[in-house]
Amino acid sequence: QVQLVESGGGLVQAGGSLRLSCAASGGTFGSYTMGWFRQAPGRVREFVAAIAWIGNTYYANSVKERFTISRDNTKNTVYLQMNSLKPEDTAVYYCAADSSTTLSRMVLADRHHYEYWGQGTQVTVSS
């Protein structure tokens, strides 16, 4: 069983930056693909970014060039650096883990594919 704990959310003005962290425990972190998803009120949880077990990265078009996903396998932690934040980035951000070895972007962007989820961290961007 893998436990995921997100941190780093908060309130920021438009144009600002935040870095989210997700600490994992209970599994072999280096073998998991890690994803970030977000959910705004009244909306479906949507894909933000993923980093595969071998380091490939994938991004939603809406965050490409602004967000960067990375991982530190020595700390069992995945990060999401968010720059040039916009009010429409406001949401609860969730970390997720996938034990499969797929490298398919289509599969990794599907929230139903992930086995483990954190509790989420709120990000609010004011205009």
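User: What makes β7 and β8 count as paired strands, and how many bridges join them?

Analyst: Happy to walk you through that; keep in mind that this is a predicted model. Six bridges join β7 to β8 (residues 77-82), and the two strands run antiparallel. Two strands pair if DSSP finds at least two bridges between them, so six bridges meet that requirement. Two of the partnerships can be named: D72 is bridged to T77 in β8, and S70 is bridged to Y79.

User: Which strands make up the sheet that holds β7 and β8, and in what order?

Analyst: The sheet is open and has four strands, in the order β1-β3-β8-β7, with antiparallel pairing. β1 (3-7) and β7 (67-72) are at the edges, and each has a single partner strand, so one side of each is left without a neighbour in the sheet. On average, neighbouring strands here are turned by 15° against each other, direction ignored.

User: How do you know that β3 belongs between β1 and β8 in the order β1-β3-β8-β7?

Analyst: Look at the bridges of β3. With β1, strand β3 (residues 18-25) pairs in the antiparallel sense over five bridges. With β8, six bridges are found, again antiparallel. You can follow this residue by residue: S7 stands opposite S21 in β3, S21 stands opposite Y79 in β8, and Y79 is the bridge partner of S70.

User: Why is β8 called largely enclosed?

Analyst: Five of the six residues of β8 are buried, so the strand is largely enclosed by the rest of the structure. Buried here means under 20% relative accessible area.

User: What makes the side chains of β1 an alternating pattern?

Analyst: In β1, L4 and E6 point to one face and are buried. Q3, V5 and S7 point to the other face and are not buried.

User: Why is D89 called buried, and what does D89 touch?

Analyst: The relative accessible area of D89 is 1%. Buried means under 20%, so D89 belongs in that class. D89 is found in the loop between β8 and β9 (91-98). Not counting residues up to four places away in sequence, D89 touches R38, R66, F67, S84, V123 and V125.

User: Is S84 buried, exposed or partly exposed, and what is its phi?

Analyst: S84 also has its place in the loop between β8 and β9. At 41% relative accessibility, S84 counts as partly exposed, because that class covers values between 20% and 50%. Its phi is positive, about 50°, although S84 is not a glycine.

User: What makes N76 worth a look in the hairpin of β7 and β8?

Analyst: The hairpin has four residues between the strands, and there N76 takes a positive phi near 55°. That is a positive value in a residue other than glycine. At 28% relative accessibility, N76 counts as partly exposed.

User: What is D72 in contact with?

Analyst: D72 lies in strand β7. Leaving aside neighbours within four places in sequence, D72 is in contact with F29, T77 and Y79. D72 and G30 are 42 residues apart in sequence, and their C-alpha atoms are 8.8 Å apart in space.

User: Why is T124 called partly exposed, and where in the chain are its contacts?

Analyst: T124 has a relative accessible area of 29%, and partly exposed covers the range between 20% and 50%, so the label fits T124. T124 has its place in strand β11 (residues 121-126). Apart from neighbours within four places in sequence, T124 is in contact with G10, L11, V12 and T90. The C-alpha atoms of T124 and A14 are separated by 9.4 Å, although the two are 110 residues apart along the chain.

User: How many cavities of 30 Å³ or more does the structure hold, and what lines the largest cavity?

Analyst: The structure holds one cavity of 30 Å³ or more. The largest cavity has a volume of about 40 Å³. Its lining consists of V2, A24, S25, G26, G27, T28, F29, Y32 and M34.

User: What kinds of residue make up that lining?

Analyst: The lining of the largest cavity divides into five nonpolar residues, four polar and no charged. Gly counts as polar in this scheme, so G26 and G27 fall in the polar group.

How values were computed: Residues are numbered from 1 along each chain as its sequence is written. This is a predicted model: local features need pLDDT of at least 70, side-chain atom pairs count only at pLDDT 80 or more; totals for chains, interfaces and linings use all residues. Side-chain values use heavy atoms; hydrogens and water are left out. On a 1 Å grid over the protein atoms alone, a cavity is a set of points where a 1.4 Å probe fits but cannot get out, and a pocket is an open set with protein on both sides within 12 Å along at least five of seven lines; lining residues have an atom within 4 Å of a point. Grid points are joined across faces, edges and corners, and a volume is the space filled by probe spheres set on the points. Axes are lines fitted to C-alpha atoms, for helices over the stretch in contact, and angles run from 0 to 180 degrees between N-to-C directions. Buried means under 20% relative accessible area, exposed over 50%, partly exposed in between (1.4 Å probe, protein chains only). Contact means heavy atoms within 4.5 Å.
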